[in-house]
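Let's take a walk through this structure together, starting with the ligand and then moving on to the pockets. Keep the 3D view open as you read.

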Amino acid sequence: MLIYIIVGSVREGRTAIKVANWVQQATTELALKDIQTEVVDLKEWDLPLFAGSHPPATGIYDQPKQQQWADKIAQAQAFIFISPEYNHGYSPALKNALDYVGKEWQGKPAAFIGYGSTNGSRSISQIRQVASSLGLVDPNAVIEIRDIFKRNKDDNFEANEFEVKGLAALISKLQKYHIA
Ligand SMILES: Cc1cc2nc3c(=O)[nH]c(=O)nc-3n(C[C@H](O)[C@H](O)[C@H](O)COP(=O)(O)O)c2cc1C
């Protein structure tokens, strides 16, 4: 099972890339059979703001990079969204990336790792609502990271024991809900 870790912030000085790198490294350390991960960075993808002439659910993709993004998403079997909280919601980069394509998300389990000056819970609530409307499967696989400001001072994100345990549970839920 290939799991994409989708980096939901494109901001200068973002924490999202550090959290994504921790998720990838800690998942590799779990040494689970049949699990591969890839960090997919929305900053590198640099998708223009969606302005297509058809709703992506139609499968008509006429925007620059839209088919490329569809082909990329089609290759994964599950997703972990790294979802910062901005003004009690999730990031515009994630909303744009979700809106870009349709059927490529469908029937695949999605997990959410949120954070903010509190714990990212409002970001996670909102993105789950949108993800389920796209047909992503929700196995209730969530991690809420507290006090992100204090924890964004080093080059690497240092997870605590609850987050490490939470990640193992999250991956196990993705496996359970994955339909081969
Ligand atoms: C535009 C903006 C709005 C924010 N609003 C919230 C908020 O509503 N609640 C919260 O807990 N943190 C909020 N924060 C703090 C962010 O969650 C924190 O800066 C986090 O590191 C952002 O993720 P990123 O560094 O990966 O971009 C906000 C930050 C920004 C830049």
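Start at the side chain of Y86: an N or O atom there sits 2.7 Å from an oxygen atom of the ligand. Taken by itself, the ligand would expose 610 Å², and the protein buries 81% of that. Bear in mind as you look around that this is a predicted model.

Y86 has company. N87 offers a polar backbone atom, and that atom is 2.8 Å from a nitrogen atom of the ligand. Then find T118, where a backbone N or O atom lies 3.1 Å from an oxygen atom of the ligand.

Now zoom out a little. How many residues surround the ligand? There are 17 of them, and the closest are S9, R11, Y86, N87 and Y115. Sort that shell by class and you get six nonpolar residues, seven polar ones and four charged ones.

So much for the neighbours; what about the space itself? The ligand takes up the second largest pocket, whose volume is about 240 Å³. This pocket is lined by 17 residues, and E85, Y86, G116, I148 and F149 are the closest to its centre. You've already met Y86, the residue whose side chain has an N or O atom 2.7 Å from a ligand oxygen. As for the make-up of this lining, it divides into five nonpolar, eight polar and four charged residues.

That leaves the largest pocket, so swing the view over to it. It holds about 280 Å³ of space. Its lining counts 15 residues, with W22, Q25, A26, E29 and F157 closest to the centre. Which elements give two or more residues to this lining? They are α1, spanning 16–29, and α6, spanning 161–177. The largest share comes from α1, which supplies six residues.

Finally, look at the kinds of residues around the largest pocket. Its lining has eight nonpolar residues, along with three polar and four charged ones. For the second largest pocket, remember, the split was five nonpolar, eight polar and four charged.

Definitions and conventions. Residues are numbered from 1 along each chain as its sequence is written. This is a predicted model: local features need pLDDT of at least 70, side-chain atom pairs count only at pLDDT 80 or more; totals for chains, interfaces and linings use all residues. Side-chain values use heavy atoms; hydrogens and water are left out. A residue is near a molecule or strand if one of its heavy atoms lies within 4 Å of it. A polar contact is a pair of N or O atoms within 3.5 Å; within protein, one must be able to donate a hydrogen and the other to accept it, and residues adjacent in sequence count only if both atoms are side-chain atoms. Accessible areas come from the Shrake-Rupley method with a 1.4 Å probe; for residues, only the protein chains shown count as cover. On a 1 Å grid over the protein atoms alone, a cavity is a set of points where a 1.4 Å probe fits but cannot get out, and a pocket is an open set with protein on both sides within 12 Å along at least five of seven lines; lining residues have an atom within 4 Å of a point. A molecule sits in a cavity or pocket if more than half of its atoms lie within 2 Å of its grid points. Ala, Val, Leu, Ile, Met, Phe, Trp, Tyr, Cys and Pro count as nonpolar, Asp, Glu, Lys and Arg as charged, and the others, Gly among them, as polar. Grid points are joined across faces, edges and corners, and a volume is the space filled by probe spheres set on the points. Helices (H or I, at least four residues) and strands (E, at least two) are DSSP runs, numbered from the N terminus.
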